[in-house]
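Reader: I've got a model open and would like to talk it through with you. Could we start with the loops and then work round to the rest?

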Amino acid sequence: DLYAVEGLRTLCIAKRVLSKEEYACWLQRHLEAESSLDNREELLFQSAIRLETNLHLLGATGIEDRLQDGVPETVAKLREAGLQIWVLTGDKQETAVTIAYACKLLDHDEDVLTLNAESQEACAALLDQCLHYVQSKGLHRTPEKTDSK
């Protein structure tokens with residue numbers, strides 16, 4: 001978590017020694033998962049879990065995940081031009097927010113709303129609360145009316 005807050009990726013180095021029999025069994029099931037037409041993603045995930053358990057942690061480090069030169073300035077200019085920019089990420093929330101500030105997708109004077117829900121109903125309630133908050137702050141934008149002649 002400390003690495004993520006600093007905008008770093010966490011790299012863990014670990015090992016697990018497999019016998020030839022364990023490896024052969026895993027490989028057979030993994031190859032079946034790779035060639036599966038049904039539920040392939042889940043089967044591959046389960047394959048990784050079978051292999052990546054009971055690991056012996058050797059060490060961990062934080063890796064700087066640097067932006068390419070010019071990214072913050074480019075994003076800032078796009079936002080100034082009125083473009084809406086969205087980013088989807090599988091990162092931890094802390095890392096995603098830190099990177100969003102680093103590339104000027106977010107400004108420190110903006111409100112950041114974070115919504116986490118365990119169910120569809122909880123999500124709907126949170127979205128409703130968020131909508132009311134945005135409306136109360138006057139943060140919503142309505143399309144400008146144009147005169148038709």
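Reader: Is Asn39 buried or exposed in this one?

Author: Bear in mind that this is a predicted model. Asn39 sits in the loop between α2 and α3, and its phi is near 60 degrees, a positive value in a residue other than glycine. Its relative accessible area is 52%, and the cut-off for that class is over 50%, so Asn39 counts as exposed.

Reader: And which loop holds Asn54, the one with a positive phi although it is not a glycine?

Author: Phi of Asn54 is about 55 degrees. With a relative accessible area of 70%, Asn54 is exposed. As for its place in the chain, look at the loop between α3 and β2.

Reader: How do the axes of α2 and α3 run, roughly parallel or roughly antiparallel?

Author: Take α2 as residues 20-35 and α3 as residues 40-51; their axes come within 8 Å and cross at roughly 160 degrees. Anything over 145 degrees goes in one class, so α2 and α3 are roughly antiparallel.

Reader: Is that crossing left-handed or right-handed?

Author: We're still on the pair of axes that come within 8 Å, those of α2 and α3. As α2 passes α3, the crossing is left-handed.

Reader: Let's step back a bit. In what order do the elements of the protein chain run?

Author: There are six helices and two strands to place. Of the 149 residues in the protein chain, 12% count as buried. Reading from the N terminus on, the order is α-β-α-α-β-α-α-α.

Reader: Which residues make the nonpolar surface patch?

Author: The patch covers about 330 Å². Two strands, β1 (8-15) and β2 (56-64), each supply at least two of its residues. The members are Leu11, Ile13, Leu58 and Ile63.

Reader: Taking one of those, is Ile63 exposed or partly exposed?

Author: Ile63 lies in strand β2. Its relative accessible area is 36%, and the middle class runs from 20% to 50%, so Ile63 is partly exposed.

Reader: Over to the salt bridges. How many does the structure hold?

Author: One of them joins the side chains of Lys77 and Glu80. Asp107 and Arg79 meet in a salt bridge too, and so do Glu110 and Arg79. The total is three.

Reader: What separates Lys77 and Glu80 along their helix?

Author: Their side chains meet at 4.0 Å, N to O, and both residues are exposed. Lys77 and Glu80 are three residues apart in helix α4, which means that what separates them is about one helical turn.

Reader: How many residues apart are Asp107 and Arg79?

Author: Their side chains meet in a salt bridge at 3.5 Å, N to O. The pair links distant parts of the chain, with Asp107 in the loop between α5 and α6 (120-137) and Arg79 in helix α4, and the separation is 28 residues.

Reader: How far apart are the closest N and O atoms of Glu110 and Arg79?

Author: At 28% relative accessible area, Glu110 is partly exposed, and Arg79 is partly exposed as well, at 26%. Glu110 forms a salt bridge with Arg79, and the closest N and O atoms lie at 2.5 Å. 

Reader: Which residues are linked in a network of salt bridges?

Author: Start from Arg79, which has a salt bridge to Asp107 and one to Glu110. Asp107 is partly exposed, at 34% relative accessibility. Put those bridges together and the linked residues are Arg79, Asp107 and Glu110.

Reader: Last one: which residue is 88 residues from Lys92 in sequence and 7.2 Å from it in space?

Author: Lys92 lies in the loop between α4 (71-80) and α5 (93-102). At 42% relative accessibility, Lys92 counts as partly exposed. The distance of 7.2 Å runs C-alpha to C-alpha, and the partner is Ala4.

Conventions. Residues numbered from 1 in each chain as written. Predicted model: local features only at pLDDT ≥ 70, side-chain atom pairs only at ≥ 80, totals over all residues. Heavy atoms only, no water. Patch = residues over 30% accessible without salt bridge, like charges linked within 9 Å, V, L, I, M, F, W, Y side chains within 5 Å. Areas by Shrake-Rupley, 256 points an atom, 1.4 Å probe, with all protein chains shown as cover. Helix = DSSP H or I, 4+ residues; strand = E, 2+ residues; numbered from the N terminus. Buried < 20%, exposed > 50% of the residue type's maximum accessible area, 1.4 Å probe, protein only. Axes fitted to C-alpha atoms, helices over the stretch in contact; angles between N-to-C directions. Parallel < 35°, antiparallel > 145°, perpendicular 65-115°, else oblique. Left-handed = near helix turned anticlockwise from the far one by under 90°.
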